[in-house]
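Good morning, and thank you for joining. I would ask you to look at the ligand site first and at a small sheet afterwards.

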Amino acid sequence: MPSFDFVSKVDAQALDNAMNVIRKEITNRFDFKDASEIYAEHASLTEGTNIDISGLNYQILKDKRAVQWPYPKLEKGSGTARLFADHEFYTPDKKANILSFSDKNQSEALTPENPLILTTGRIRDQWHTRSKTGKVNKLNQHISEAFLEINPYDAAPRNIKDLDIVEISSLRGDVRVKAKLSPDIKPGVVFMPMHWGKILKSDLNRVNNLTNNLVDPISKEPDFKYSAVEVKLYKKERQKIIVIGAGAGACGFVKSYRALNTEDEIEIFSKENFPFYNRVLLPDYIIGTLPWQSLIKMSDVEELDYRIKLHRGLSIEKINKEDKTVTDSNGETHHYDVLLLATGSRAFVLKDVPALNGVFTMRSRNDADNFKKHADTTNGKVVIVGGGLLGIEMATSLAEKGSKVIIIQRISRLMGRQLDGLGSQLLHEELITKGLPSVQDILVPCSTIGTGVHQGQVISVQEVATYREGHQH
Ligand SMILES: Cc1cc2nc3c(=O)[nH]c(=O)nc-3n(C[C@H](O)[C@H](O)[C@H](O)COP(=O)(O)OP(=O)(O)OC[C@H]3O[C@@H](n4cnc5c(N)ncnc54)[C@H](O)[C@@H]3O)c2cc1C
């Protein structure tokens, strides 16, 4: 008896050999020069069948633009205009066979639990599983998602209104889509399109969760037009949502979520000890053109109206995904059903910046207050590290008020991520001609700040603000 090791080595060798043969075969057999050769092979395989297109090739399609199949080998014209003109059909006796059926419904029987007939089908805009048509924006704008068409007569006793989310169930499964009330569909029948399948790991749009596997005994046509279902208004279970961070993302979430759902509990934890505010306006707050009140995006009263609990000045330090809990900076744990991370980004600080007085980052109200305390915003001398959108915004605000501002930019032009060379050049000129002579220079390249820069120039300043945004890890 060979040892186990020996057998597995033999097996491994056999497998290796087989793989080599397959690789070779694939190379030999898939040696088509172009798509027309693949089509030619496909066409040759149809020879002698009911769908014979063995006479077709790319050149004929290009020359004639359109032909009708069958298109057998010796065909010279435009194909077969009309099938069965010779009255010979694809039946054993070549005659048309008329089959009679009992008119008893062979489909699934309706029951008190599933009293509605679900019929499935197409909508004008989409083709099959939308692999191509689903990418056409105009079509998606017309009908963007699956829906259930239901007659108002059936909707009323179920308390269903137009666009309500409904759950449709059968003995096989369920789906969840919006209801479309329409008198065009017969009472007792509901319709769902077949095009939407699994989207973002959810198969709640997939109508074939509901359909059964009955087929016509002769034609083998699946019975997708008649399944017994029930439709109910969908009621989501109440959930607790925890949001970490109270920036623009969290604020937008609260407003749009509450438009759809007023039941769920929403708790927000913010490192910053302030209400929701608009950090985009911090430059105006710094130079005093806007008071703090103008930056607030949600007042205390509005917080109550939105039925949220905002924990100000309390950060989340730990997330436990298994228990679905978070731990705050006071050591308390909080359970969640849904957790939303809206922690934003933070200023990118160069590694070798010494802890000097007068060096600031700029992302929050605290940053702004610290800067204001230190700097003379009307007659200061400020170096801004970072010539992106935020740096330029801050620079122009300070310069407008009379400060002397220098922007230090690592690459050779302003807003390098957003603008091309010409755009950057125009922006630079605009800043100077706009009467902002204090935006003095753009120094490149520079990776250190303090008393010296790479080019050897020494800049004496009152404040340094760093403005490059980076992402939280
Ligand atoms: C001065 C300035 C000017 C700007 N100008 C513009 C502009 O003109 N146009 C534009 O489109 N964008 C601008 N931006 C960028 C814009 O502000 C951001 O893109 C936007 O704020 C991002 O929103 P967010 O909700 O993702 O994060 P943020 O608004 O950054 O909010 C995240 C919040 O989460 C908090 N947080 C982080 N970790 C925790 C934790 N563990 N626990 C609790 N809380 C936490 C943070 O403290 C912060 O309050 C500007 C930004 C600044 C700073």
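Which domains each supply at least three residues of the shell around the ligand? They are domain 4 (240-343) and domain 5 (359-471), with bounds from an automatic or database domain assignment. Please note that this is a predicted model, in which local features need pLDDT of at least 70 and side-chain atom pairs pLDDT 80 or more, while totals for chains, interfaces and linings use all residues. Numbering starts from 1 along each chain as its sequence is written, and side-chain values use heavy atoms, without hydrogens and water.

The ligand has 23 residues around it, a residue being near if one of its heavy atoms lies within 4 Å. G249, E272, R279, I316 and R363 come nearest.

Turning to polar contacts (pairs of N or O atoms within 3.5 Å), a polar side-chain atom of E272 is 2.6 Å from a ligand oxygen. A side-chain N or O atom of R363 lies 2.9 Å from an oxygen atom of the ligand. For K271, a backbone N or O atom is 3.1 Å from a ligand nitrogen. On its own the ligand has 990 Å² of accessible area (Shrake-Rupley, 1.4 Å probe), and the protein covers 77% of that area.

Now the sheet. Its three strands (DSSP E runs of at least two residues) are ordered β10-β11-β12, in an open, antiparallel arrangement; pairing requires at least two DSSP bridges. Because β10 (316-320) and β12 (333-335) are edge strands with a single partner each, one side of each has no neighbour in the sheet. Three bridges join β11 (residues 325-328) to β12, and V326 has H334 as its bridge partner in β12.

How values were computed:
Polar contact = N/O pair within 3.5 Å; in protein donor to acceptor, adjacent residues only side chain to side chain. Helix = DSSP H or I, 4+ residues; strand = E, 2+ residues; numbered from the N terminus.
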